[in-house]
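Okay, thanks for coming, everyone. I've got one structure to walk you through today, so let me put it up on the screen.

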Amino acid sequence: MEYTHVFHTFGPVFDACAEVLILGSFPSVKSREEGFYYGHPRNRFWKVLAGLFGEALPGTIPEKKDFLLRNHIAVWDVIAECEIMGSADSSIRNVRENDMNVILEQSAVNRIFANGETAYKLFLKYCRKEGQPPVKRLPSTSPANAAWSLQRLLEVWKAEIFPEGEHL
């Protein structure tokens, strides 16, 4: 497989009421084909979020956007463009980052979470600025993180996003 120079082709999802920002690294091939976040059918992102909020699993892109906004969640990726082999985060190079101020200056985001180690490391390297909310690393919902069951992901995500049982 060869490197391909790829651009992020869909924007962030957020509004002024968003309180939590969840960041991925860069969309997978399947997500790029679908034109929305976490489009791979084995990625557990949407299952985890539905479980956190006790809601039905959103299916369509409009349902997913509505779900996020209704629950005060912003979603974006750290990378605006890069060279990558397929969907392999480990192959990412020649990064141009997204400007997090696009969301942070127009929302109520007070917590940032990275969906996985790669998103976390890339955020710290390229996007972290003084005065931003703290960023925490969550275990990846990617199918590549098969060691984590859906239940275990849900427990850790819930403990981090809703400390002490609070809700958004």
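I'll go through the overall fold, then the charged residues, and then two backbone oddities.

One thing up front: this is a predicted model, so please keep that in mind as we go.

Let's start with the layout. How many helices and strands are there in the protein? There are six helices and seven strands. Reading from the N terminus, the order is β-β-α-α-α-β-β-β-α-β-α-β-α. The radius of gyration is 15 Å, close to the 15 Å that the globule rule gives for 168 residues, so the protein is as compact as a globular protein of that length. If you'd rather think in a box, the C-alpha trace spans about 45 × 35 × 30 Å along its principal axes.

What about the inside and the outside? Of the 168 residues, 47% count as buried. The accessible surface comes to about 8400 Å², and carbon and sulfur atoms account for 50% of that. Then there's how the chain packs against itself. If you take the contacts between residues at least 6 apart in sequence, 66% of them join residues at least 24 apart.

Okay, charges. The protein has 19 positive and 21 negative charges, and the mean positions of the two sets are 5 Å apart. As you all know, side chains of opposite charge can pair when their charged atoms come close. So how many salt bridges does a search of the whole structure find? It finds eight. I'll show you a few of them.

Here's one I like: Glu34 with Lys64, where the closest N and O atoms are 3.6 Å apart. This pair links distant parts of the chain, with Glu34 in helix 1 and Lys64 in helix 3, residues 61–70, so to speak 30 residues apart. Is each partner buried or exposed? Glu34 counts as partly exposed because its relative accessibility is 32%. Lys64, on the other hand, is at 6%, so that lysine counts as buried.

Staying in helix 3, we have Arg70 and Asp66, and here the closest N and O atoms are 2.3 Å apart. Both sit in that helix, four residues apart, which is about one turn. Arg70 has a relative accessible area of 40%, so it is partly exposed. Asp66 is partly exposed too, with 44%. And there's a third partner here: Glu55, Asp66 and Arg70 are linked in a network of salt bridges.

Helix 5, residues 117–127, has a pair with that kind of spacing: Lys121 and Glu117 lie four residues apart, about one turn of the helix. Their side chains meet in a salt bridge at 3.7 Å, N to O. Lys121 is exposed, with a relative accessible area of 52%, while Glu117, at 34%, counts as partly exposed.

Now for a charged residue without a partner. Where is Arg44? You'll find Arg44 in the loop between helix 1, residues 29–34, and helix 2, residues 45–53. Arg44 is buried, yet it has no salt bridge. The nearest side chain of opposite charge is Asp89, and that's 12 Å away. So what does Arg44 touch, leaving aside its neighbours within four places in sequence? Its contacts are Ser140, Thr141, Ser142, Asn145, Trp148, Ser149, Leu150 and Leu153.

Quick stop at Lys30, back in helix 1. Lys30 counts as partly exposed, at 37% relative accessibility. Not counting residues up to four places away in sequence, Lys30 touches Gly39, His40 and Pro41. And Lys30 and Gly86 are 56 residues apart in sequence but 9.6 Å apart in space, C-alpha to C-alpha.

Last bit, the backbone. Most residues other than glycine have a negative phi. Which ones should you click on here? Tyr38 has a positive phi, near 55°. Tyr38 is in the loop between helix 1 and helix 2, and at 12% relative accessibility it counts as buried. Asn94 also has a positive phi, near 50°. Asn94 is found in strand 5, residues 93–97, and it is exposed, with a relative accessible area of 52%.

That's my tour. Over to you for questions.

Definitions and conventions. Residues numbered from 1 in each chain as written. Predicted model: local features only at pLDDT ≥ 70, side-chain atom pairs only at ≥ 80, totals over all residues. Heavy atoms only, no water. Helix = DSSP H or I, 4+ residues; strand = E, 2+ residues; numbered from the N terminus. Rg over C-alpha atoms; globule rule 2.2 N^0.38 Å. Buried < 20%, exposed > 50% of the residue type's maximum accessible area, 1.4 Å probe, protein only. Contact = heavy atoms within 4.5 Å. Areas by Shrake-Rupley, 256 points an atom, 1.4 Å probe, with all protein chains shown as cover. Lys, Arg positive; Asp, Glu negative; His and termini not counted. Charge placed at Lys NZ, Arg CZ, Asp CG, Glu CD. Salt bridge = Lys/Arg side-chain N within 4 Å of Asp/Glu carboxyl O.
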